[in-house]
Amino acid sequence: MPELPEVETIKRGLAPFIKGKKILEVEMLRPKLIKGMSPSIFAKKVKGDTILGIERRAKYLLVPLKSGNTLIFHLGMTGALLKSVHKKPLSKTGEEAQKYIRISGNVILDFSDLRLFGKIWLVPSKKVLEQKEIKKLGVEPFSKAFTLDWFTKELAKRKTKIKLLIMDQAFVVGVGNIYANEVLYRAGIHPARPANKITPKEAKKLHHEIIDVLSDAIKHGGSSVDNYVDAEGGEGTYGKLHKVYDRKGEPCTKCRGVVQKISLGQRGTYFCPKCQK
DNA sequence: AATTTAGCCTGCGCGC
DNA sequence: TGCGCGCAGGCTAAAT
């Protein structure tokens, strides 16, 4: 599922391709997932506009348009934003049934979402940061604001389980279930540890691994779990490097332990009981 | 106020 | 073999 590395990979794949392209058509097979306005108004407003670029904020993709509006995409669990080369018609059955929206012209963008957890908004660019979903977002892990000092102090203030905290998008953005598991494994911290029980030394390791795991995953084009594909429809290779995620019962790569699975916050949580305390 | 839970969706894997 | 239940989970809204 798309977490920061996957969304970043899509952004990088689309960036050189869509800038300056004009939107000539909007086709919608799943109009209900347009948020904040009726699908027909959405289509009317988007048609004829020109794409200025693409940015990422947390797991959201922001596509500013020349008119002063911005398209906001969230890929949910199984969303994909694909650039198409061939303009074959969308059909409501078969392989393309899941294609939700197509924005086409000098570029064809297919937003495909199997489980329909994805969302699309069109908002005035000036109001993007006021959009409630965007406004509540926490710190970007690759930004200067994500300092060790700040991170350590925040951990000391909270008693929630550390895995839930690093997945909290109001705290630090971009870390979803896969990377939370991997980050904690590398940091040697048990996912259920209360945040305020984590020592400054461990906090330093954790802070480092958040950045490091996400960076590594981006280098590998993300993890192709749950049908994730990049803008070209290609798979990411980081999934092969997962040390604990979806490895229940398999041997730990560092010790003789066996990867365990528990549930935290109703999410599958994988860890090595010997390496992670 | 902080933290937890339910619900949104659909396909697949597991157990019987 | 076939079927149905439960899981997968990002995020919001509702509940505690």
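Let's start with Phe271. Buried or exposed? Phe271 is buried, at a relative accessible area of 6%. Keep in mind that this is a predicted model. Phe271 sits in strand β11, which covers residues 267–271.

What does Phe271 touch, leaving aside neighbours within four places in sequence? The contacts are His190, Pro191, Val244, Val258, Val259, Gln260, Ile262 and Gln276. Now take Ile218 for distance. Ile218 and Phe271 are 53 residues apart along the chain. Their C-alpha atoms are separated by 22 Å.

Next, Gln131. Where is Gln131? Look in the loop between β9 (119–124) and α3 (132–135). Its relative accessibility is 16%. The cut-off for buried is under 20%, so Gln131 counts as buried. Setting aside residues within four places in sequence, Gln131 contacts Ile72, Trp121 and Val123.

Now the cores. The largest nonpolar core has 38 residues. Which of them touch the most other members? Those are Leu155, Ile162, Ile166, Tyr179, Leu206 and Ile210. Four helices each supply at least two residues of this core: α4 (148–157), α5 (162–167), α6 (177–187) and α7 (200–219).

Stay with Ile166 for a moment. Not counting residues up to four places away in sequence, Ile166 touches Val172, Val175, Ala180, Val183 and Leu184. Leu206 and Ile210 are on that list too. Apart from this core lies another, of 27 residues. Its members include Ile18, Leu65, Leu122 and Ala231.

Let's step back to the whole of chain A. How many helices and strands does chain A have? Seven helices and eleven strands. The radius of gyration is 20 Å, and the globule rule gives 19 Å for 277 residues. Those values are close, so chain A is as compact as a globular protein of that length. The C-alpha trace spans about 55 × 40 × 30 Å along its principal axes.

Burial next. Of the 277 residues, 52% count as buried. On contacts, take those with a separation of 6 or more. Residues 24 or more positions apart account for 66% of them.

Last, the surface and the charges. Chain A exposes about 13200 Å². Carbon and sulfur atoms supply 53% of that area. There are 52 positive side chains and 28 negative ones. How far apart are the centres of the two sets? They lie 4 Å apart.

Note on methods. Residues numbered from 1 in each chain as written. Chains lettered and ligands numbered in written order. Predicted model: local features only at pLDDT ≥ 70, side-chain atom pairs only at ≥ 80, totals over all residues. Heavy atoms only, no water. Rg over C-alpha atoms; globule rule 2.2 N^0.38 Å. Buried < 20%, exposed > 50% of the residue type's maximum accessible area, 1.4 Å probe, protein only. Contact = heavy atoms within 4.5 Å. Areas by Shrake-Rupley, 256 points an atom, 1.4 Å probe, with all protein chains shown as cover. Lys, Arg positive; Asp, Glu negative; His and termini not counted. Charge placed at Lys NZ, Arg CZ, Asp CG, Glu CD. Core = buried A, V, L, I, M, F, W, Y, C linked by side-chain atoms within 4.5 Å.
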